[in-house]
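Subject: The structure you asked about

Hi,

Here is the structure, as promised. Have a look at it first, and then read on for my notes.

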Amino acid sequence: MNEVSRQVRTSRPPAHHEPEQQAAEYAVLAEIGRIISSTLNIDEIYEQFAHQVSQLIPFDRLSISAVDMDAHTVQAVYASGGDIPGWERGVVHEIIPGGISDILERDRRGILFRTPAEEEEAGQQPARELGGDFQTRIAVPLIARGVFVGAMNIRSLQPYAYDEKHVAQAERIGAQIAGTIANAFAYEKLEAAQSALENAVEELRRSNQELEQFAYVASHDLQEPLRKIASFCNLLESRYADKLDERGSVYLHYIVDGAMRMQALVNDLLLYSRVATRGQEFAPTNANDVLQEAFANLEVGIEESNAHITYDPLPTVNGDAAQLVRLLQNLVGNAIKYRGDAPPRIHVGVEEQDDQWVFSVRDNGIGIDPQYAERIFVIFQRLHTREEYGGTGIGLSVCRKIVERHGGRIWVESQEGSGATFRFTFPQYRSEIA
């Protein structure tokens, strides 16, 4: 606030209210309190509030603005009386440095401009420059729980219509209504966030439908030509291998390998897309049985790698048994695949924490640099070339999607060269007691 506006503020004499004036103010404040507690309709509160203010401070325009100092914006949320073009309800403006909002937030007290000339001298823009004919202006901050949330402006068409007594009254009235207005601001933001969330959910639903459509195409329209390519290439190799030179044989091998990798990729994408849309209903599932089925599916890899696997007794969980097999199979299979020079040593464990189970799959493999701890769960993200380790880069993405579908989360604890421990949580299963 510059020197002129300071002079305006320091000219306020001590307030001496006549008993009748005090009684009138108390009555207005009491009625405002009654209005606040009698309805949740903010528009109705605004209207009745404006009427009560007019009993003490006659005005030609009363406006309330919401201020967001973080976003540096001010929004008109209510106006009664004459218009100021560009400051209609709902319009959002950027806060002007050194403007009224900045001054109110800094000084936390009301401001009086008795004429447009005083506003100009204080570096403010008078309403008449915006197309209004207002002469006198009171601006007071709205403070709720110590936070500057808005401003109330009271204007008159007459110069010198208000004095410091009116500013003091406006400050007390603003303090009375600030909490309710702050709640209304917060509710409006909540409604906007809810609307955005609903739109996001609808967009997600639409995206899931598109993903299912893709899955259908992948399972039918893409698989068949890939099968034909691989089949005829194998046929070509078996019948005409003696007619191909070494380079031709290499080219043919690349074609077959590419077709087979594409088939694997399509199959994994199909699996990924169906985790949430084609899963079975949850049912009590013995995790020990699930683990044994995963071991059976990995039998060849376990024998060839000479893996030594131990495990704790596992609990019963509420889930999709087929997906839980896939989850443990992927994690144990990765522990076998990403092994070091020594034979794999793998332990499948479980701990009880609060109302959830924390499962773990620990290995002595090559480990993971901690900077990639999140990246490995992103679809198609690979830390090694296909020549080093095969696969499509979808396995851990499928694991995360399965765990999240069951209401848990998954993460890895590892250092490069020192093995890895994958952990995932599941809500504890509580059987119904008769």
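Where is the place of Ser 156? Ser 156 sits in strand 6, which covers residues 147-156. One thing to keep in mind before I go on: this is a predicted model.

Back to that serine. Ser 156 counts as buried, since its relative accessibility is 6% and the cut-off for buried is under 20%. Leaving aside residues up to four places away in sequence, Ser 156 touches Asp 60, Phe 134, Gln 135, Thr 136, Ala 161 and Tyr 162. There is also a polar contact close by in sequence: a polar atom of the Ser 156 side chain lies 3.1 Å from the backbone nitrogen of Gln 158.

The overall picture

The protein has 434 residues, and 40% of them count as buried. You'll find 11 helices and 13 strands in it. If you take the contacts with a separation of 6 or more, 65% of them are between residues 24 or more positions apart. The exposed area comes to about 24000 Å², and 50% of that is supplied by carbon and sulfur atoms.

Helix 8 and what covers it

Helix 8 runs over residues 287-297, and its buried residues are Ala 287, Val 290, Leu 291, Ala 294 and Phe 295. They span an arc of only 140° around the axis, so they end up on the same side of helix 8. The spacing makes sense if you recall that an α-helix has 3.6 residues a turn, so residues three or four places apart point the same way.

What covers those buried residues? The cover includes strand 7 (283-286), helix 9 (299-305), strand 8 (308-311), helix 10 (321-337), strand 10 (345-353) and strand 11 (356-362).

Have a look at the start of helix 8 as well. There, a side-chain oxygen of Asn 286 comes to within 2.8 Å of the backbone nitrogen of Asn 288. Asn 288 turns up again in the contacts of Pro 313: not counting residues up to four places away in sequence, Pro 313 touches Asn 288 and Val 350. Pro 313 itself is in the loop between strand 8 and strand 9 (316-319). Is Pro 313 buried or exposed? Pro 313 is exposed, because its relative accessible area is 70% and exposed means over 50%. In sequence, Pro 313 and Val 350 are 37 residues apart, while their C-alpha atoms are 8.0 Å apart in space.

Salt bridges

How many salt bridges does the structure hold? There are 8, and I'll go through a few of them.

- Arg 137 pairs with Glu 119, with 3.1 Å between the closest N and O atoms. This pair links distant parts of the chain, as Arg 137 is in strand 5 (residues 136-144) and Glu 119 is in helix 5 (residues 116-121), 18 residues apart. Arg 137 counts as buried at 7% relative accessibility, and Glu 119 is buried too, at 1%.
- Arg 423 pairs with Glu 413, and here the closest N and O atoms are 3.0 Å apart. Arg 423 belongs to strand 13 (residues 420-427) and Glu 413 to strand 12 (residues 410-414), so this salt bridge ties together parts that are 10 residues apart in sequence. Arg 423 is partly exposed, with a relative accessible area of 22%, and Glu 413 is partly exposed at 37%.
- Arg 108 pairs with Glu 105, the closest N and O atoms being 3.7 Å apart. Arg 108 counts as partly exposed at 37% relative accessibility, and so does Glu 105 at 29%.

Two more spots

Glu 25 is in helix 2 (residues 19-38). With a relative accessibility of 4%, Glu 25 counts as buried. Measuring from C-alpha to C-alpha, Glu 25 is 9.6 Å from Gln 52 in space, and the two are 27 residues apart in sequence.

On the surface, Val 250, Tyr 251 and Tyr 254 make up a nonpolar patch, with about 320 Å² of accessible area together. Tyr 251 is part of helix 7 (residues 246-273) and is partly exposed, with a relative accessible area of 47%.

Have a browse and tell me which of these spots you'd like to go over together.

Cheers

Key:
Residues are numbered from 1 along each chain as its sequence is written. This is a predicted model: local features need pLDDT of at least 70, side-chain atom pairs count only at pLDDT 80 or more; totals for chains, interfaces and linings use all residues. Side-chain values use heavy atoms; hydrogens and water are left out. Patches are made of residues with over 30% relative accessible area and no salt bridge: like charges are joined within 9 Å, nonpolar side chains (Val, Leu, Ile, Met, Phe, Trp, Tyr) within 5 Å. Accessible areas come from the Shrake-Rupley method with a 1.4 Å probe; for residues, only the protein chains shown count as cover. A salt bridge is a side-chain nitrogen of Lys or Arg within 4 Å of a carboxyl oxygen of Asp or Glu. Helices (H or I, at least four residues) and strands (E, at least two) are DSSP runs, numbered from the N terminus. Buried means under 20% relative accessible area, exposed over 50%, partly exposed in between (1.4 Å probe, protein chains only). The arc is that of the directions from the helix axis to the C-beta atoms. Contact means heavy atoms within 4.5 Å. A polar contact is a pair of N or O atoms within 3.5 Å; within protein, one must be able to donate a hydrogen and the other to accept it, and residues adjacent in sequence count only if both atoms are side-chain atoms.
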